[in-house]
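Hi,

Here is the structure I promised to pass on to you. Please have a look at it first, and then read on for what I found.

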Amino acid sequence: MKRWLCAATSALLGGAILFSAAACGKGDDKIKVSIGMWPDPTLTQDVKMYKQWEAAFEADYPEYDIVADRYEYSADTITAKATSRQLPTVFQTYFTEPQKLISNGWIADVTDELEELGWLDKIDANMREAVSKDGRCYGVPRDGYGMGLLLNLEMLYDVGVIGKNGDGTYALYDEEGKPLYPTTFDEVREVSELIVESYDNTYGLVILSANNNGGWQFSNMAWNFGCEAMQLKGADGKYTANLNDAGAVKALEWIRDMAVDELIYPDASLTYADWYAKFGSRNVAMAFCGSDSIMLPVTNFGFDKDKIAFVPMPTGDGSSRYSLYGGTPYVFPSYATKEQIKGALLFLKYMGRSPETDEISLKAIEKGHQTAKSKGMPIIPTIRPWTNAEYLAAANALDEQYINVNLAYYDDFFDTLPEMKRAEEPYYCQDMYKLLDAAIQNVLSNKGTANCKSLLDTANSQFQKDFLNKVN
Amino acid sequence: MKQANALPEDRSSLAYKAKRLFKRNWSGWLLMLPGLLLFLFFVWAPLAENVLLSFSETKGFESVGFNNFENYVRVFHDPMFTKALVNTFKYIFWSIIIGFLVPIVLGLLLSEAVHFKPFFRLGIYFPSIVSGMAVVIMWSYLFDPNPGAVLNQLLTALGLPVSTFLSDPDLTIPLIVVTMTWRGAGGTVLVYLSALQNIDNSQYEAARMDGAGALARIWHVTLPHIRQTIRMLFILQIISVFQVFYEPLVMTSGGPDGASVSLLLLSYQYAFQSFDAGASAATGVILAVIIIALTIVYLRLSRPKKNTVSRKWRKYAKKTAQ
C-alpha cells in the first residue's frame, strides 16, 4: 500500500511538472506586444500615462494585446535575456550597443517595416548610422544626448563664480556676454578649488570610474585635450588604437592632479548612478553627464530644477571642444514576428515617438510633457531623432508651451551642440571604456604615484591586441 | 529444449545490478524521479554544457564550433586573470585572519557568557538573517570615502586620519572580508557553540583541580575537542571564499583597477560584460578544478581519527603530575 502511495505521489508530482510546462505555452489569439520601456510600478503617473496609451492603441488595433514587460537594458543581462528569448518585443538600449547586438544576431532588421510606414528617411542621419549595419536599419532612435557640464548654480553663486540678475535668476554671462561658468578644464579646477575652500565635505567635480562610465566620460575629455581620436583609421582602412595619445595622457594627468589636490570626489569606483547621487546630495558642484539625464538629480534627490545649468564641455587645450553625442534607440528581438514588430512600431506612435504629426502623436507628446510637469521635472529642449520639418515644427511648438526652466541656463549647450557633437569611437566602445576605467581607477587610488602615460600605454596595447585586431 | 536455449542472466553485469536495484526499490525511484529530472535540467545539464562551452567558439551562449584549448589560452594570457587568481588567494588569506578567527573567539566568549546569553546569541546571529545584498549595500555606504561619511566621522572623532576605504587597493579586500564576516560569522559561531556545549564539564573541573588556568583550559581541553569542527569549517570557509562574487561586484565592481576582482567575478564579467561565454566557461572550469582539489583535501582531513583529546589530556595530566 505504502509503495503504491509513493508511486501515486510521484506520478502526481511528475504530472504537475508536465502540466506547468505545457501551461507556459497557452495564450489567447491576440498578437502580444510586450513593452520593455514600461515604467516602474512606483512611478504611478507614468504608469497611468502608459495605460492611457495602451487603451488608445488597443481600441484602434483590437488584434493586438499590449503587455507591460519592463526591461532596463544592461550589458550584464542582455546575453541571458536574448539567449533565453525573454526579451520584450521592444526595448531601449544605447547607441554603443546595436552593433554588438546585430553581430550576435539578437535584434531584428526593421528596414522594411520602417520603409512601409514612411519613417526610414526621416531618421536623423547620425542616429540612423548608429543603428544600421550594411545599409539595413535595426532600430528606431528615441532621442539623442550630448555630453556637457552640469552646474549647481547656487554653489557657483555662493563662491562668486556667477552673479545674479535683477529678477533673482542667476547670471551666467558677464556684461559683454562672455560666459562666467568654466569653459576650460583649468577653470573647472579653479572653481573646484573655490568650492572645496568654501564648503565642508564637498568637492568640485565627480569623475566616474566604474562599469565603463569612466571611459565613456574620459573619451570626451581626451578629445577636448587634443586627442584626435582614440581609434585611428589608416590609409589601408585598418584601425590603430590611440588611447595613449598626448591629449589622452594630459586628460588623465588632469584627473590625477585633481585627485591629488582632493578637488574631485575621492571614490575610485563610481558608477553612473553615483554622479546624480553626489550632485543631488550636494557633495559636488559639477558633473559631466548627458543632456538626456539632467532631470535625474531632480527626480531622485529633490534637487531644485531652477538651480541647475547645463553648459558645453570645457576645452583642455584651448581649441578642441567636442560633445560626445549618443542616444537611446528602440530595438526589437530577432525572434519577434513581423506582426509583433509592426505592432510595436505603431505603439511608438501612440507614445509620441514617431515622426507622425497626427492628433494621436501630438497628444502623446503633450501627455508626456504634462506628466513630466506634474512631477516637477525640468522640461528642456530635446535632441530629436526625426528630421521632417512638419514634425519638428509641431514638436518644438509643444516644447515651447511646456518648457519650465530658464532657457538661458541651457542656451550655450544647445546652440553649440551642432558644431561640437561627435559620435562615440567606432569599434568595441564598451570594451575600450572598460580599459580606460581601469586606468582612471588606478590614477584615483594611487594618486601620488600613478604614471598616466604608462597606464594608457598598457590599455592601448591591450585594446589593440584583444579588440582592434579583430576589426583589421 | 526451450529451457536449454535460455541463457542464464549474467549476475555480475551492470545492467542486471541496475535492474535489480530498480526492482527492489521501484517506488522509491519513482518518488525521486521528479527531483532527479529537475536536477538533470537545472544542475547537471548546465554543468556539462559549461564544460563543452569552455572548449568552444561561442556566439552569445551558443557553441558554434570547437576550438580546443583556445579559451583557456586566452584566459591564461589575460592580465586580469592573474590578478583575479592572486586576489582570490588574498581573499582566502584575509578570510582566515578575519573571518576564520572571529567566529572561534566569539564562540568561546559566548560559551563563557553567564548573563544575557540568548541576547548575545541573537545579536551575533542577527546579521545572518539580513539579505546579503542589503548588507553589502549598507557597508558600501559606511565605507563612503567622503570625510563627512559615517566611518570617516568616527575616525576623525578618534583622532585618526580619514580613509578612502574601498578606493584604497590595499584595503579593498580586507574590508570586503570584514563585510562578509559581519554577515556570515553568526552562523559559524552557532556551529562552534554547539561543539563547545558537547564538551563534558567534568573535564574542565578536572583541569581546574589540576591547577589549569583559563588559557590552559582552552588550550588543553576546549581546542582539542573542537579541533574537528575547526578543521571542517576551515576548509569549508576556503571553498566558499573561493566563490566570492556579489560582494566585490556590488561594492567595487572588482576595482580599483582590478584590486578586488575574484575568479567568479571575472567569469561573470567575461560572460555578461564582454559577451565572451567561452572565456567565462573556461574560468568556471578552472575554478571548479581548484575547488575540487580543495574538496579532496577537505575529505582527507575530515576522515574520522583516533581520539586525540584523551592523548593530549593524558600528556597534560602527566606533565602537571610531575
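F165(B) sits in the loop that runs between α8 (150-157) and α9 (169-197) of chain B. Please keep in mind that this is a predicted model. The residue caught my eye for its backbone: F165(B) has a positive phi of about 45° although it is not a glycine. Most residues other than glycine have a negative phi. Is F165(B) buried or exposed? F165(B) counts as buried, because it has 23 C-beta neighbours inside 10 Å, and the cut-off for that is 20 or more.

Chain A has a residue with a similar story. Y428(A), in the loop between β15 (421-423) and α17 of chain A, has a positive phi of about 45° and is not a glycine. Y428(A) is buried, since 23 other C-beta atoms lie within 10 Å.

Further along chain A there is a contrasting loop residue. T449(A) belongs to the loop between α17 and α18 (452-471) of chain A. With 8 other C-beta atoms within 10 Å, T449(A) is exposed, as the limit for that class is 12 or fewer. How far apart in space are T449(A) and L417(A)? Their C-alpha atoms are 37 Å apart, with the two positions 32 residues apart in sequence numbering.

Now the chains as wholes, beginning with chain A. Its secondary structure consists of 18 helices and 15 strands. Chain A has a radius of gyration of 25 Å, which agrees with the value near 23 Å for a compact globule of 472 residues. Along the principal axes, the C-alpha trace of chain A spans about 85 × 55 × 50 Å. Buried residues account for 47% of the 472 residues in chain A. If you take the contacts in chain A between residues at least 6 apart in sequence, 75% of them join residues at least 24 apart.

Chain B has 15 helices and two strands. What radius of gyration does chain B have, set beside that of a compact globule of 322 residues? Such a globule would come out near 20 Å, but chain B has 27 Å. The box around the C-alpha atoms of chain B, taken along the principal axes, is roughly 90 × 55 × 35 Å. In chain B, 30% of the 322 residues are buried. Of the contacts in chain B with a separation of 6 or more, 66% are between residues 24 or more positions apart.

One helix pair in chain B deserves a look in your viewer. The axes of α5 (residues 79-112) and α11 (residues 214-242) of chain B come within 10 Å and cross at roughly 145°. The crossing of α5(B) past α11(B) is right-handed. On the α5(B) side, the residues in this contact include Y91(B), I92(B), F100(B) and L108(B), while those from α11(B) include I218(B), I230(B), F234(B) and F242(B). By class, the contact of α5(B) with α11(B) has 11 nonpolar, five polar and no charged residues.

Next, where the chains meet. The contact takes 31 residues from chain A and 29 residues from chain B. Which elements give two or more residues to the side of chain A that touches chain B? They are α1 (2-23), α3 (75-83) and α17 (429-445) of chain A. The largest share of that side, eight residues, comes from α1(A). By class, the side of chain A that touches chain B has 11 nonpolar, 14 polar and six charged residues.

Of those elements, α3(A) can be followed in more detail. Its buried residues are A75(A), I78(A), T79(A) and A82(A). They lie on the same side of α3(A), because they cover an arc of only 95° around the axis. The buried residues of α3(A) pack against α17 of chain A together with α13 (263-272) of chain B. Just after α3(A), R85(A) takes a positive phi of about 55°.

Last, another helix of chain A. In α11 (residues 272-280) of chain A, the buried residues include D274(A), W275(A), Y276(A), K278(A) and F279(A). Among the elements covering the buried residues of α11(A) are β6 (139-152), β9 (203-206), β12 (284-290) and α12 (296-301) of chain A. Just after α11(A), R282(A) has a positive phi of about 65°.

Best wishes

Technical notes
Residues are numbered from 1 along each chain as its sequence is written. Chains are lettered from A and ligands numbered from 1 in the order in which they are written. This is a predicted model: local features need pLDDT of at least 70, side-chain atom pairs count only at pLDDT 80 or more; totals for chains, interfaces and linings use all residues. Two residues are in contact if their C-beta atoms, placed from the backbone, lie within 7 Å. Helices (H or I, at least four residues) and strands (E, at least two) are DSSP runs, numbered from the N terminus. Ala, Val, Leu, Ile, Met, Phe, Trp, Tyr, Cys and Pro count as nonpolar, Asp, Glu, Lys and Arg as charged, and the others, Gly among them, as polar. The radius of gyration is taken over C-alpha atoms; the globule rule is 2.2 Å times the number of residues to the power 0.38. The arc is that of the directions from the helix axis to the C-beta atoms. Axes are lines fitted to C-alpha atoms, for helices over the stretch in contact, and angles run from 0 to 180 degrees between N-to-C directions. A crossing is left-handed if the near helix is turned anticlockwise from the far one by less than a right angle, and right-handed if clockwise.
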